[in-house]
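Dear colleague,

I am handing over the structure we spoke about, together with some notes on what was found in it. Please have it open beside this message as you read.

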Amino acid sequence: MEKSMLTIVNRTVLSLITLFIAYIVHKVIMKSIERVTETVGKEVKAPKTLSVLLAFLIYGFAIAGILAIWDLNLAPYLAGLGISGIVLGLAFQEPLTNFLSGILVLVTRKVFEGEVVDIDGLTGVVDVIKMNHTHIRTFDGKLILIPNRRVWTGTVTKFWPGKYRRIDIDVTVDYSSDPNVVLDVLKKVLEDEPLVVKDGSVENAVVFKSFDSNGMTYTLRFWTERETYFDTLNAVAGRTKVYLENAGIKIPYNILEVRLREDTQGGTRTR
């Protein structure tokens with residue numbers, strides 16, 4: 001009896017040691033990857049997703065080792081499940097489908113960590129891809145867990161897959177303005193703004209849009225790096241106003257005109 005208890009204790013200790021080693025190995029590998037990427041001057045892409053994948057592999061080997069420590073052979077148990085196995089299979093059909101879909105999503109990189117996507121109407125930044133769910137963080141701070149089956153089979157729209165984003169700004173000027181002068185001034189805005197990309201891989205333009213009730217509207221279409229989107233938007237807007245004012249070009253605003261006239265009975269009416 002004592003020998004049996006000692007064997008159980010030993011196996012339990014070995015199982016705990018195996019899990020601890022798996023934990024340490026996972027941490028060491030992640031730290032090593034981070035050091036190597038820092039040394040070569042790069043950063044780890046999708047670190048959370050990579051951590052999940054490594055944990056899955058390492059702990060999978062650890063569980064296999066624990067089964068060996070306890071001399072467990074699952075084949076007889078699986079064979080003995082019979083009808084219960086069918087019931088369990090149906091019960092776990094959805095989780096297994098999500099698990100397999102998660103592997104396909106990770107392998108094919110249909111979506112990846114840090115990417116801005118729309119998945120069947122849900123828009124946000126991919127926070128992490130786990131084995132059963134993909135975590136999407138919306139722009140207003142919500143965290144949405146989407147089953148991987150939906151990610152794999154659904155329609156995925158990727159926003160700004162490259163490193164640049166395009167910005168469109170509409171500018172309305174007074175009808176008294178010379179269109180040629182307006183075009184020259186607005187093009188000068190894009191040329192002088194350092195945050196606007198001008199490397200030849202993208203094209204910036206100023207185009208006429210429409211004749212509106214209060215003036216002529218032009219659209220500035222230009223590109224910037226994703227990280228400087230809002231800074232570039234503010235910079236171009238401010239520069240546009242300054243350049244137009246310096247060129248004597250007016251930016252119109254809506255005017256409400258009120259006229260008073262006398263009626264036949266000596267009163268007044270407002271129009």
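A good place to begin is Val236, which, leaving aside its neighbours within four places in sequence, is in contact with Ile169, Val189, Leu190, Glu193, Val196, Leu220 and Phe222. Please keep in mind throughout that this is a predicted model.

Val236 is also one of the four residues, with Val173, Leu220 and Phe222, that touch the most other members of the largest nonpolar core, a set of 19 residues. Strand 6 (164-173), helix 7 (179-192), strand 8 (216-225) and helix 8 (229-246) each supply at least two residues of this core, and the largest share, five residues, comes from helix 7. A second, separate core has 13 residues, among them Val126, Val128, Ile129 and Val151. As background, nonpolar side chains in soluble globular proteins tend to be buried together.

Helix 1 offers a contrasting case. Val9, Val13, Leu14, Ile17, Phe20, Ile21, Tyr23, Ile24, Val25 and Val28 form a nonpolar patch on the surface, and their accessible area together is about 840 Å². Phe20, which lies in helix 1 (residues 2-39), has a relative accessible area of 53% and is therefore exposed, the cut-off being over 50%.

Turning to charged pairs, the structure holds nine salt bridges, and three of them can be described in some detail.

- Glu115 and Lys158 meet through their side chains at 3.3 Å, N to O, and this pair links distant parts of the chain, with Glu115 in the loop between helix 5 and strand 1 and Lys158 in strand 5 (residues 156-158), 43 residues apart. Glu115 is buried at 6% relative accessibility, whereas Lys158 is partly exposed at 33%.
- Asp170 forms a salt bridge with Lys209, and the closest N and O atoms are 2.7 Å apart. Because Asp170 lies in strand 6 and Lys209 in strand 7 (residues 205-211), the pair ties together parts that are 39 residues apart in sequence. Asp170 is partly exposed, with a relative accessible area of 42%, and Lys209 is likewise partly exposed, at 48%.
- Arg239 in helix 8 and Glu193 in the loop between helix 7 and strand 7 are 46 residues apart, and their side chains meet in a salt bridge of 3.0 Å, N to O. Glu193, which appeared above as a contact of Val236, is buried at 4% relative accessibility, while Arg239 is partly exposed at 23%.

In addition, Arg166, Asp168 and Arg221 are linked in a network of salt bridges.

As for the backbone, strand 3 (residues 133-137) and strand 4 (residues 143-147) pair in the antiparallel sense over five bridges, with His133 standing opposite Pro147 in strand 4. Five residues lie between the strands of this hairpin, in which Gly141 takes a positive phi near 95°. Most residues other than glycine have a negative phi. Two residues that are not glycine nevertheless have a positive value: Arg109, with phi near 55°, in the loop between helix 5 and strand 1 (116-119), and Asp120, with phi of about 50°, in the loop between strand 1 and strand 2 (122-129).

Finally, Ser101 in helix 5 (residues 93-108) is buried, with a relative accessible area of 6%, and touches Asn148, Arg149 and Trp152, not counting residues up to four places away in sequence.

With kind regards

Notes: Residues numbered from 1 in each chain as written. Predicted model: local features only at pLDDT ≥ 70, side-chain atom pairs only at ≥ 80, totals over all residues. Heavy atoms only, no water. Patch = residues over 30% accessible without salt bridge, like charges linked within 9 Å, V, L, I, M, F, W, Y side chains within 5 Å. Areas by Shrake-Rupley, 256 points an atom, 1.4 Å probe, with all protein chains shown as cover. Salt bridge = Lys/Arg side-chain N within 4 Å of Asp/Glu carboxyl O. Helix = DSSP H or I, 4+ residues; strand = E, 2+ residues; numbered from the N terminus. Buried < 20%, exposed > 50% of the residue type's maximum accessible area, 1.4 Å probe, protein only. Core = buried A, V, L, I, M, F, W, Y, C linked by side-chain atoms within 4.5 Å. Contact = heavy atoms within 4.5 Å. Pairing = 2+ DSSP bridges.
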